[in-house]
Amino acid sequence: MALTGIQILKMLPKKNCGECKIPTCLAFAMKVAAGQVEIGECPYVDDAVKETIGEASAPPIRTIKIGAGDAAFTSGGETCLFRHEKRFENPTGIGVLLTTTMDDQAIASRIENFKKLQYERVGVLLKADLIAVKDAKNDAGSFAALVQKVMDSAPTASLILMSDSAANLSAAAKVCKDKKPLLYGATAGNANEMAALAKDVACPLAVRGKNLDEAVTITEEMMKAGLKDLIIDTGARTIRAALEDNIVARRSAVTKKYKPLGFPTINFPCEMTEDPMMEAMIASVLIAKYAGIVILSDLQGDTLFPLLLERLNIFTDPQRPMVVEENIYPLNGPGPDSPVIITCNFSLTYFIVSGEIEGSKVPSWLLIKDTEGLSVLTAWAAGKFGADLIAQFIKKSGIEEKINHRELLIPGYLASIKGELEEELPQWTITIGPREAGHIPAFLKEWKPAPKK
Ligand code: SF4
């Protein structure tokens with residue numbers, strides 16, 4: 001049962017010292033209750049209270065880390081069924097499968113694609129997260145050697161080690177113990193050995209059932225054995241079964257607080273079809289519906305990129321617009337005679353406009369005004385991008401010290417504020433720029449600074 005902020009406050013030392021980076025204990029307690037900060041951020045809470053509060057305020061889907069350091073992959077931590085209720089916390093991990101029966105070329109090309117296929121969109125780096133290494137020969141030597149090869153070639157990848165043999169997994173885990181790989185997996189036949197290994201090497205463990213019911217039974221056993229960091233494979237190898245299992249697991253955990261299903265799931269589109277397009281389609285369905293991790297047979301740009309974009313859209317916090325900082329952004333090495341362009345701080349607008357300016361190769365100053373993440377017209381309609389606010393920003397931004405001219409290009413959609421802006425900035429010439437970002441390069445290439453007033 002989740003604790004309220006007031007219940008949590010009663011257990012805090014109430015020093016109001018701010019060492020948790022939150023000014024008061026009450027505000028801290030409210031944030032802990034909302035799942036926004038960890039109780040461990042307060043250095044004065046003793047271990048017993050930490051455990052009580054930590055358990056009670058933990059999200060219904062446990063947060064699991066695979067890997068170590070900054071490159072660790074985090075799964076779970078989810079608290080709701082639908083994104084609009086709150087937000088989804090940790091994006092579905094996308095991984096690629098390597099097996100000990102693959103030839104060197106197949107392995108090298110998958111590792112190469114894992115490293116190479118990275119994309120930056122709206123300031124976010126989009127890429128695959130995990131490499132799953134499978135002991136397909138049931139041979140500890142070749143398994144450990146492949147794990148070592150992956151560690152050498154892709155040191156930032158979070159690893160999943162897959163074997164039916166606890167002894168083979170142990171051999172491979174020793175090679176990469178510090179990387180805290182996910183051990184896959186405990187089945188009805190080997191659960192005790194796998195639990196002992198996971199405890200010994202302090203790594204998260206995946207459980208694999210023949211179906212959802214068996215997965216629950218094994219998970220309960222693992223929990224009784226004292227393991228907390230688990231990932232569930234329900235054994236589903238068709239899109240329908242996997243989708244149904246993911247939904248049942250999430251609903252049971254979130255609405256019924258059913259602990260044995262309160263862990264992220266791992267799905268294997270790579271084992272559901274041989275058709276790469278169908279595999280990507282299955283992965284897209286499972287990313288949309290609660291998969292903690294999806295494992296693909298290969299990474300190709302034409303299928304990986306849409307999956308990464310889908311994931312970005314689903315896991316973006318709907319209550320917090322993506323924004324860039326209010327600032328002056330020099331693009332293409334501008335000087336005192338370069339054009340000055342202003343737009344809003346909605347990330348998508350910034351990246352589209354800055355991309356077009358960079359593509360034009362025209363040195364320019366891009367002014368980004370804080371509009372609380374609203375796009376140009378919405379911000380104007382909401383009173384956050386009016387002539388008075390733009391004028392204030394221009395005056396305090398420091399752009400006047402960087403340029404010789406006084407000409408400001410405003411978005412075409414703000415044409416109606418030109419006169420008002422000229423009154424607010426009498427020294428400036430206000431020029432209406434294009435409505436569409438795609439027309440910016442041609443516009444800039446023609447641009448000459450207006451004579452000073
Ligand atoms: Fe209160 Fe602890 Fe935060 Fe200090 S660090 S304000 S005692 S919650």
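Me: How many salt bridges does a search of the whole structure find?
Reply: Happy to help! Bear in mind that this is a predicted model. Side chains of opposite charge can pair when their charged atoms come close. Searching the whole structure for such pairs gives a total of 15 salt bridges.

Me: Which residue forms a salt bridge with Arg237, and how many residues apart are the two?
Reply: The side chain of Arg237 meets that of Glu271, at 2.7 Å from N to O. Arg237 sits in the loop between strand S10 and helix H9, and its partner in the loop between strand S11 and helix H10. The pair therefore links distant parts of the chain, with the partner being Glu271 and the separation 34 residues.

Me: Is Lys396 buried, partly exposed or exposed?
Reply: Lys396 lies in helix H14, and its side chain forms a salt bridge with Glu326 at 3.4 Å, N to O. Its relative accessible area is 62%. Exposed means over 50%, so Lys396 counts as exposed.

Me: About how many helical turns separate Lys418 and Glu422?
Reply: These side chains meet in a salt bridge of 2.9 Å, N to O. Both residues belong to helix H15, where they are 4 residues apart. That spacing means a separation of about one helical turn.

Me: Which residues join Leu26 in a nonpolar patch on the surface?
Reply: Leu26 is found in helix H2, and it is partly exposed, with a relative accessible area of 39%. The patch has about 250 Å² of accessible area together. The residues that join Leu26 there are Ile6 and Met30.

Note on methods
Residues numbered from 1 in each chain as written. Predicted model: local features only at pLDDT ≥ 70, side-chain atom pairs only at ≥ 80, totals over all residues. Heavy atoms only, no water. Patch = residues over 30% accessible without salt bridge, like charges linked within 9 Å, V, L, I, M, F, W, Y side chains within 5 Å. Areas by Shrake-Rupley, 256 points an atom, 1.4 Å probe, with all protein chains shown as cover. Salt bridge = Lys/Arg side-chain N within 4 Å of Asp/Glu carboxyl O. Buried < 20%, exposed > 50% of the residue type's maximum accessible area, 1.4 Å probe, protein only.
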